[in-house]
4 protein chains.
Amino acid sequence: MLLQQAYETVRNRTTAICAPLKTEDYVVQPVVDVSPPKWHLGHTTWFFETFILLPHAAGYTAFDPQYNFVFNSYYETVGARVIRTDRGNLSRPAVEDILRYRQYVDEAMQLLLQQELTPDLQALITLGLHHEEQHQELLYTDIKYILGHNPLFPPYSEHMPLPDTITNNSGDTWLNMKAGIYNIGFAGEGFCFDNELGRHKVYLSDFALSTHLVTNGEYLDFIQSGGYQDFSYWHAEGWDWVRQNQVTMPMYWYNISGQWMHYTWQGLQPLLPDTPLAHISYYEAAAYAAWKGYRLPTEFEWEAAAPQLAWGQRWEWTESAYLPYPGFTKAAGAIGEYNGKFMISQMVLRGGSEVTSPHHSRITYRNFFHPALRWQFTGIRLAR
Amino acid sequence: MLLQQAYETVRNRTTAICAPLKTEDYVVQPVVDVSPPKWHLGHTTWFFETFILLPHAAGYTAFDPQYNFVFNSYYETVGARVIRTDRGNLSRPAVEDILRYRQYVDEAMQLLLQQELTPDLQALITLGLHHEEQHQELLYTDIKYILGHNPLFPPYSEHMPLPDTITNNSGDTWLNMKAGIYNIGFAGEGFCFDNELGRHKVYLSDFALSTHLVTNGEYLDFIQSGGYQDFSYWHAEGWDWVRQNQVTMPMYWYNISGQWMHYTWQGLQPLLPDTPLAHISYYEAAAYAAWKGYRLPTEFEWEAAAPQLAWGQRWEWTESAYLPYPGFTKAAGAIGEYNGKFMISQMVLRGGSEVTSPHHSRITYRNFFHPALRWQFTGIRLAR
Amino acid sequence: MLLQQAYETVRNRTTAICAPLKTEDYVVQPVVDVSPPKWHLGHTTWFFETFILLPHAAGYTAFDPQYNFVFNSYYETVGARVIRTDRGNLSRPAVEDILRYRQYVDEAMQLLLQQELTPDLQALITLGLHHEEQHQELLYTDIKYILGHNPLFPPYSEHMPLPDTITNNSGDTWLNMKAGIYNIGFAGEGFCFDNELGRHKVYLSDFALSTHLVTNGEYLDFIQSGGYQDFSYWHAEGWDWVRQNQVTMPMYWYNISGQWMHYTWQGLQPLLPDTPLAHISYYEAAAYAAWKGYRLPTEFEWEAAAPQLAWGQRWEWTESAYLPYPGFTKAAGAIGEYNGKFMISQMVLRGGSEVTSPHHSRITYRNFFHPALRWQFTGIRLAR
Amino acid sequence: MLLQQAYETVRNRTTAICAPLKTEDYVVQPVVDVSPPKWHLGHTTWFFETFILLPHAAGYTAFDPQYNFVFNSYYETVGARVIRTDRGNLSRPAVEDILRYRQYVDEAMQLLLQQELTPDLQALITLGLHHEEQHQELLYTDIKYILGHNPLFPPYSEHMPLPDTITNNSGDTWLNMKAGIYNIGFAGEGFCFDNELGRHKVYLSDFALSTHLVTNGEYLDFIQSGGYQDFSYWHAEGWDWVRQNQVTMPMYWYNISGQWMHYTWQGLQPLLPDTPLAHISYYEAAAYAAWKGYRLPTEFEWEAAAPQLAWGQRWEWTESAYLPYPGFTKAAGAIGEYNGKFMISQMVLRGGSEVTSPHHSRITYRNFFHPALRWQFTGIRLAR
């Protein structure tokens, strides 16, 4: 009963996010990391068809056997995948076909959900819903990229709230934490991802975290004091990235005839100095911290301090690489590919953002991205 | 009066070509040489707005000043262009916006066409119509590419005629031509492009052209006798192209479980052996000719023999590079960029194809493409 | 006095490593990560000229002011660097010029070393010697790459010892370690790099490390059981690496007409099954461990267990990313660039190898490389 | 007897060209079009071993069977070739080995040349000598590239003559040629390449060629009047080339603190305004001609006018693509690959240069390069 409601809520939220789009907006893939919105609509549906309905719903027939080829993501177990860079070339299936696909799968799922389900199957459906909620955040960030890189700068929706303002942005209030052994990782009931499991002890030295996130105005100081021109603040790899891509400001920022602007859900707007900075790479986060004379927190420091912090506005880059916790084990089969295989060359982000789905902000949640990526709502909290 | 009718006819034909498409099909750009259909719709309209209406229609206001940036092609004189590879990233302007743009410009053009126009202006409008007719052929070939490279192989339209059949495909009937001086280039009245002008004498030795085009079945013999595995038939550059791209058959051909298929306007179909071969590169055309012990004609041989040949089904690769005729001069201004600046690294094609627009097949017409390109309806006529 | 001797010993060892080379071998750079041996000869000399002699030796004149441009590596503080990929294009300075450069700098250094030096200057010279010893190991691995990728497979020297044999390679002896707090990082006197400093507490859960390294024979089992064809053992990034590079075996291995061979210091030789495996990427190390049902150790586990292990034959990939220790601080100026700026996107290796210089194997020593690199003597020790 | 002398003369001239080099200079390959000098030494020798000695000299044993793999160029018939970009990675065979290879082959050739040889074999040896003379010119241009792109700008030799001075560079003297039929292609006795054969009639309209080559000073006017900033002079492909490579002057030119310099055989020197311009691409040649209001000659105009012109200082870009003459046929076997397979995407150059070998300047000689290449001694003669 609860699962039925949860299913309906999550599935409807996905299509609601797409409601302000024009059909054309569902199709394009401007860069490899951004997927076309219609692909997200299909892929999340494919998950339920492939892992729930085909193996567990008696008499279920696939909507279209070709869709496995089109909407498979990285699940190598399941079949040949569409090369990721090709997604933006596919005009078909059309949006209306994918919406019919969603309806077809949703009807079969509602039938299934009326039956008595094993705990394992319930857990798998719950995983499917969490998977879809992760794609909801990607839908937001991918839509922002698609519209925000169009020369016409079309707004997404007038009804999105502006981000919060940080009133005290002096940067000088710190939460001091004592050295000692802390317990890290998920405990208790409810859903979590496999990468949060294996609650374990970590020894931390004395440290302090800033009580607020870095603001646009603070980051502008870094720009205006030459931060992008001085290699000494940067990792060698970050400096190469700055120069090869001629980076001089965060993603979505523009300096138009001397005025600082940024692309927002409402279109191009003057830069708001007191809102939390967003859309910076790990390299930029680390360089800013070095310029300030501080550093980024580790994910363990963050988790230890989080109960005493206000957080959830930005995904906060940490100085921790995304690696398995002690005792991490992969689940068997395709589900086992969910997280473990990405545990290389990525950095952990903690917190959440203004577009994070419900249930995807918790103190033990481990988000992760390559250090160069900026299209997520990434931000900075300083440590010392 | 005639120009008014011509304008309406040409402009309507463009939108009619797009009628079978879904909105999503207008948006994608699977490879750099293929443009999104909505870009063709906008770009041909932009031509009239920029070169006719803005300078010559009193009181005309641009539909949207940003569109110059979006729909400019290669006309460096007019302003910064959108980098060509980015076209497929632009979800906006939406198709409906572009159709309103077309209507807005068409209404202004119809008003202008009711006035007395100078011969120069009439010539410029005529050029604009020929420009749009060239894009009509590109619309067909780009649509074929977009649908024919989709894993679902959607048909374009049931109403497109199948290509003609060549009944006598023995390949052994030749038109013999005598050595002597021939006149090459456009003469007479009516429209032609600047690259056809400068009618001039060319001396040709004795030669003979095949009276028919190479068929699918004949080309299949080349494949099955190992033509793609024997470098001795290929130019060095062509052989590199074969190996780097692992080419083993013409574009749109597939060997599915031993059966030869090709993508057509009606979707995936068994290969028709007696229709003229299409969608091969210059390298393949030259290799096929070498395998047969013959060669390709020069564009001068083709033009001299054409009055005595049946032609128009395929753009026939010639052994001539695309170079200026003696006395070629560029027109002043942006119009002068039309043809001359492409006169390097391209090969001439003569004839026409099943999707060539009316008035774009004539004996002096010079089409041209890079030797590796295959998405046009290119074919082979042998010479010796 | 001691420093004078150390200087002479280290500097002579560098040229001795190059003694078996032909002049041509000093020049080439087959891939970007490998530097020409003559560049190593020049760069290590440039370090002493730039950081010691020019600022501290009264009246010293640079050997050739252009050499700063040619031999600078990554020291952004000092001046424009030669783009790294260009090193292999530089036929000049010739080897004989660089040897004269070495002699010129060595003579000036010996004069300086006869004087009373401040502790800071002594420390800087010591750093220069350790820097040169790091390049000695790179000289070995770069020379192996240059000769081992030449189709003639020339031997380096008959006098290099063969690697040790592991007699008990059953893989079933483990060192068990108890959970608790361990101290990590350099302590005591003597030289260490800045990345080892900041001795600090780390809590470790119970764990066990294999007492021996994985052998060639054991790894051959992985190959022959299809390890390179089954994505489930691999990180997603590793699997892409395998397929893009068509990797099917360690670097320097060849299967010639069914016989397994590997390139060694003595040329191409039959594969020795009982010697420790070398020249594998982090991806391969992690995939092998997954196939065995184990994992790689963290660098902290390694350091805690090392006093009870035999180690030093291979650089052992750990599951730890290369990140700063708590309290890590960069030194001021160019020397500060030494390590900190590489602390992103690299994995830590612990141990040492058959070509590691004296003083470059110690329990706290942190080596690091990108996970795809294989030209170092990298190996595997399993953990559980 | 004559052939014996010719053999010795040609072979000695090759090693004499390399005499001023240091060993290191023989090894590097800074760009793909430039080959290491030691490769030229080996490849020309390989030609005689493979095509003359192995099939025709009884009892001859290959010097080293691996050399076929290392020194084969593009002769697909003969065996797997070394990928061209890899040549600069090969430190072995060493220069001394290759010189022994030359001596070994030369001794066997001298023995063979003392015997009675068939006319076919004599022709093949003659082709081998012409092949080597072509590589002599490449040796010069490749050496210039290797030294001229080294930051130390080492001179090649003090003994190379400076290029000639053009005293009357007013550019206003023209040779007028009458319309009519001209005979094009090689006639008479002596050696020629297959691409010159098939003497045939060509009809030319009235035309005129400049009596002198464009000078450095004249080209400087083009630069200083903004020629590299105005797309209207350029082919579309040329303009892309200018912008992608940020080209602003000919190869080997430098503007150092306001003074124009160029790299010459004697090192870096002030630009000589009255010497013929060299090292420009076809794009630059065509753009210069367009800026002057003229054009480049066709290869047929050039050949018709050449008897009345002074020529031979520069390879003069023509407006003709490199295509087969009527009746061109490839020889059978590997020799047949010599020229025909390059007849695509290249432009013809006529004339010769200061480093052209004896017997490689004649009125019918057809040189050819891709339009972007500049490392040859290419120049400009205007036509109208």
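A salt bridge is taken here as a side-chain nitrogen of Lys or Arg within 4 Å of a carboxyl oxygen of Asp or Glu. By this rule, zero salt bridges are found across the interface of chain D and chain B. The structure described is a predicted model, and the paragraphs below treat this interface, the interface of chain A and chain C, a hairpin of chain D and the overall form of chain A.

The contact between chain D and chain B draws on 36 residues from chain D and 36 residues from chain B. Together the two chains bury an area of about 2700 Å², and carbon and sulfur atoms account for 60% of that area. Although salt bridges number zero at this interface, six residue pairs are in polar contact across it, both residues being at pLDDT 80 or more. On the side of chain D that touches chain B, two or more residues are given by each of β3 (200-204), α7 (236-244), α8 (282-292) and β8 (315-321) of chain D. The largest share belongs to α7(D), which supplies five residues. By class, this side of chain D comprises 18 nonpolar, eight polar and ten charged residues.

For chain A and chain C, the contact involves 36 residues from chain A and 36 residues from chain C. The buried area is about 2700 Å², with 60% given by carbon and sulfur atoms. The rule returns zero salt bridges across the interface of chain A and chain C, whereas polar contact is found for six residue pairs, both members at pLDDT 80 or more. The elements of chain A that give two or more residues to the side touching chain C are β3 (200-204), α7 (236-244), α8 (282-292) and β8 (315-321). Of these, α7(A) gives the most, with five residues. The side of chain A that touches chain C divides into 18 nonpolar, eight polar and ten charged residues.

Within chain D, strand β5 (residues 253-256) and strand β6 (residues 259-264) pair in the antiparallel sense over four bridges. Asn255(D) has Trp260(D), in β6(D), as its bridge partner. Two residues lie between the strands of this hairpin, in which Ser257(D) adopts a positive phi near 50°.

Chain A contains nine helices and eleven strands. Its C-alpha atoms fill a box of roughly 65 × 50 × 35 Å along the principal axes. A compact globule of 384 residues would have a radius of gyration near 21 Å, so the value of 22 Å for chain A agrees with that expectation.

Conventions
Residues are numbered from 1 along each chain as its sequence is written. Chains are lettered from A and ligands numbered from 1 in the order in which they are written. This is a predicted model: local features need pLDDT of at least 70, side-chain atom pairs count only at pLDDT 80 or more; totals for chains, interfaces and linings use all residues. Side-chain values use heavy atoms; hydrogens and water are left out. Contact means heavy atoms within 4.5 Å. Buried area is the accessible area (1.4 Å probe) that two parts lose on being put together, summed over both. A polar contact is a pair of N or O atoms within 3.5 Å; within protein, one must be able to donate a hydrogen and the other to accept it, and residues adjacent in sequence count only if both atoms are side-chain atoms. Ala, Val, Leu, Ile, Met, Phe, Trp, Tyr, Cys and Pro count as nonpolar, Asp, Glu, Lys and Arg as charged, and the others, Gly among them, as polar. Two strands pair if DSSP finds at least two bridges between them. The radius of gyration is taken over C-alpha atoms; the globule rule is 2.2 Å times the number of residues to the power 0.38.
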